[in-house]
Amino acid sequence: MSAATDSPGRTRYIGQGLPRPGAKRLLAGRGRYTDDVVLPRMLHAAFLRSPYAHARLGAIETADAAAMPGVHAVLTGADFAKICTPWTGTLSHFKGMRSAPQMPLPANKVVWAGQPVVMVVAESRAEAEDALELIGIDFEELEPVVGLDAARAPDAPRIDADTADNVLFRTRIEAGETARAFTGARSVEVDLRFGRHTAVTMEPRSLVADYDPAEERLTVHQSTQTPYQFQDIYARHFRLSEARVRVIAPDVGGSFGMKLHLYHEDMAVVGASLLLKRPVKFTADRMEAFASDIHARDHRVRARLAFDGDGRMRAIEVDDVTGVGPFSAYPRTSAVEGNQVVRLIGAPYRLSDYRADLTVLAQNKVQMSQYRAVGHPIACAVTERLVDLVAGELGLDPFEIRRRNYVTDDMYPHKTPSGYTFEKLSLAVCLDRLHELMDYPALRAEQAALREKGIHRGIGIATYVEITNPTPAFYGVGGAHISAQDGCVVKLTPAGDVACAISITEQGQGSEAIVGQIVAEGVGLDRDRVRVLTGDTETTPSGGATWACRGAGIGGETALQAARKLKARILEIAAAILQAEAGSLDIREGAVTDADGSPRMTLTEVANLAYYRSDLLPPGVSPALTVAHHFAPRGYPFAFTNGIHGSLVEVDTETGLVRILKHWVVEDCGRVINPLLVDEQIRGGVVQGLGAAFFEECRYSETGQLLNGSMTDYLVPMACEMPDIVIRHVETPTKDTELGAKGCGEAGTAASSGAALNAVNDALLPFGAAISQLPMTPERILRALGMI
């Protein structure tokens with residue numbers, strides 16, 4: 001495998017654009033996903049789901065279904081109440097947050113259309129689904145709470161009858177004196193709405209639970225990002241010994257945050273296996289995914305920005321109202337997205353006066369929670385729309401208004417009014433790089449010329465700041481059993497290869513690839529001789545796994561330090577054999593060498609001696625060739641990446657259709673480990689962000705019915721709709737780690753919709769029109785133009 005080589009002959013893999021080792025296996029159809037798992041005596045589950053968004057449960061008739069061929073059990077909420085303890089999606093550091101306790105299946109009431117109510121377990125999925133047809137349920141329909149305004153109305157029906165209102169969480173952030181800052185200042189304001197959308201992963205949610213009563217062991221094969229999180233949940237809520245619970249995440253076909261959360265079906269499948277003492281499988285079909293996977297981005301944000309005549313920003317005030325479904329997701333809560341919205345608005349800019357109010361509401365819709373770039377696209381779009389409006393008021397160029405207001409290099413470390421501390425960003429460098437990359441003056445000249453011909457193009461830019469590498473300050477302080485550390489065990493095998501077991505996980509983003517590169521360079525051997533193992537609580541050390549762009553920044557640092565420990569161990573053994581000082585030796589290209597690079601012995605020879613002839617080692621020299629390392633960030637509470645997007649669109653003012661012509665990204669994720677994979681992550685993120693900007697929206701009726709819950713009606717961006725995406729990198733490594741990586745998984749999504757929003761409004765500028773709702777559908781654009 002090709003890699004760079006420095007002058008002393010050491011092979012360098014960090015920073016090289018190498019392909020993912022498992023890509024060919026997956027392309028050849030040799031992946032092993034959860035649904036591929038087939039176990040002896042395995043049964044299959046199907047769920048009868050509520051047709052109502054809000055209803056009381058009456059009698060449930062199951063006898064006819066239980067008598068169907070192949071059916072082993074028909075289970076209701078009462079069956080699981082005997083073996084499972086309830087869970088509640090709250091965190092103690094979100095003061096005053098509340099949410100109703102949840103169980104695998106409801107006992108008294110359903111709270112969204114599509115909620116699983118009864119479970120059938122049968123020899124096959126088809127037999128289970130046939131039996132569902134014979135189940136009778138008496139529903140007493142209740143008035144649903146659907147829209148944000150309806151949910152917060154004083155006379156709104158209560159989703160949780162024991163509470164005074166539908167507010168799950170409310171908070172205010174206040175710094176400085178915004179009332180004073182707005183006095184005498186000019187101001188602009190926005191009222192932006194963001195539509196719900198969902199992950200639409202290639203692989204739906206899937207799990208196989210296998211309880212072995214002989215050993216009292218539970219093994220769960222699950223398509224998840226966080227196997228250790230689910231090991232803890234299953235052990236605690238089913239009163240099992242954690243040591244006897246194993247969670248295996250095989251190949252995972254995409255997650256985007258959707259597979260972080262606990263779902264009712266997960267607990268029901270595990271509970272059914274415990275009750276029946278046989279393996280039970282459930283894989284959601286695509287329509288079930290729309291009706292039960294978490295949704296994201298249901299926000300209405302009103303904000304205003306005060307500024308001086310020279311364009312200096314003085315203050316921002318924000319009111320964010322977000323709907324999260326009938327309860328808060330567990331264990332990470334549904335308040336995190338809104339919390340990050342109000343804490344990241346205005347982040348790139350010099351501000352001392354800031355006030356933000358967040359209200360998190362319950363609704364009779366699918367639960368809403370963390371999804372790729374949690375809160376970032378909302379915060380970015382709100383901020384950057386305000387900034388563009390200021391530029392328009394003053395006749396300033398969008399690049400110039402940002403340059404005048406960015407946090408400057410001499411201000412770091414910089415603390416925002418919302419309480420986040422930035423170690424070091426590269427805002428001005430990224431801005432200048434984007435200006436050059438876009439050939440911005442030429443784009444403006446072309447835009448003006450085309451407008452004369454009745455062709456309306458728009459240019460939009462958006463700056464983002466992204467939160468990564470979270471410490472225990474993110475979840476641990478709130479009482480959640482979600483680890484902020486990662487663990488890595490590396491060993492030199494008797495064949496002279498290196499096996500690396502690490503707690504971060506692989507979902508197609510390249511975790512295994514970058515860890516292999518880091519370990520190969522850290523030890524000093526060819527990347528092809530490193531095998532990386534992930535996704536199994538039995539064979540990998542405990543850790544936080546992969547979310548919030550922490551895989552490279554925390555997992556990568558863990559791997560680097562473990563590799564260095566193993567290298568030191570190898571050199572200690574080699575030095576004893578060669579009667580040399582360990583400090584005078586090195587490892588290069590799989591061989592122990594002198595400092596000048598002259599080979600002395602291969603790693604295979606070292607391993608053979610340690611494993612098979614340890615009697616040749618001097619007393620006091622251990623033959624151990626396995627080392628472990630754990631790492632958790634201890635510097636800043638979070639790392640922050642930054643960057644800027646540019647978008648070029650063309651709006652057909654007669655049809656409202658938008659062509660996305662080109663998109664640019666300049667990003668700074670700290671140290672780049674593999675630029676090929678970083679580019680892949682950013683491009684994928686941009687596509688998801690543009691999907692939210694133009695296509696994706698979960699639409700509901702007034703009765704709480706999801707109107708477009710299938711791939712026939714729900715639009716996702718396809719290759720033909722997507723533009724060329726041009727990417728450049730700036731590197732500002734964090735000093736909290738030796739590796740210096742921060743994270744890149746959410747950078748593409750964070751600002752693409754904000755840049756697109758500004759681009760469309762730039763195209764509409766000659767008409768005195770503006771759009772303030774995402775997705776920007778043709779109908780909404782035509783309404784903004786006053787044509788319908």
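Here a trainee and a mentor talk through salt bridges and a sheet in a predicted model.

Trainee: How many salt bridges does a search of the whole structure find?
Mentor: Happy to start there! A salt bridge needs a side-chain nitrogen of Lys or Arg within 4 Å of a carboxyl oxygen of Asp or Glu. Searching the whole structure for such pairs gives 53.

Trainee: Which residue forms a salt bridge with D251?
Mentor: Look at distant parts of the chain, since the two partners are 226 residues apart. D251 sits in the loop between strand 14 (245-248) and helix 8 (264-276), while its partner is in helix 1 (residues 23-27). The closest N and O atoms are 2.7 Å apart, and the partner is R25.

Trainee: Is D251 buried or exposed?
Mentor: Buried means under 20% relative accessible area. D251 has 18% relative accessibility, so the residue counts as buried.

Trainee: What separates D232 and R236 along helix 7?
Mentor: These two side chains meet in a salt bridge, at 2.9 Å from N to O. Both belong to helix 7 (residues 227-237), where they are four residues apart. That spacing makes their separation about one helical turn.

Trainee: Of D232 and R236, which one is buried?
Mentor: Good one to check with the cut-off: buried means under 20%, exposed means over 50%, and partly exposed is in between. R236, at 34%, is partly exposed. The relative accessible area of the other partner is 9%, so the buried one is D232.

Trainee: Which helices does the salt bridge between D432 and R403 tie together?
Mentor: The closest N and O atoms of D432 and R403 are 2.9 Å apart. The two residues are 29 residues apart in sequence. D432 lies in one helix (residues 427-438) and R403 in another (residues 398-405), so the pair ties together helix 13 and helix 12.

Trainee: Which strands are at the edges of the open sheet?
Mentor: Seven strands form this sheet, with mixed pairing, in the order 5-7-3-15-12-13-14. An edge strand pairs on one side only. That description fits strand 5 (71-75) and strand 14.

Trainee: Which residue stands opposite L218?
Mentor: Strand 13 (residues 217-222) and strand 14 run parallel, and four bridges join them. The residue opposite L218 is in strand 14, and its name is V245.

Trainee: What angle does helix 8 make with strand 12?
Mentor: Helix 8 lies across several strands, among them strand 3, strand 5 and strand 13. Strand 12 (206-212) is also on that list, and helix 8 runs to it at about 25°.

Definitions and conventions
Residues numbered from 1 in each chain as written. Predicted model: local features only at pLDDT ≥ 70, side-chain atom pairs only at ≥ 80, totals over all residues. Heavy atoms only, no water. Buried < 20%, exposed > 50% of the residue type's maximum accessible area, 1.4 Å probe, protein only. Pairing = 2+ DSSP bridges. Contact = heavy atoms within 4.5 Å. Axes fitted to C-alpha atoms, helices over the stretch in contact; angles between N-to-C directions.
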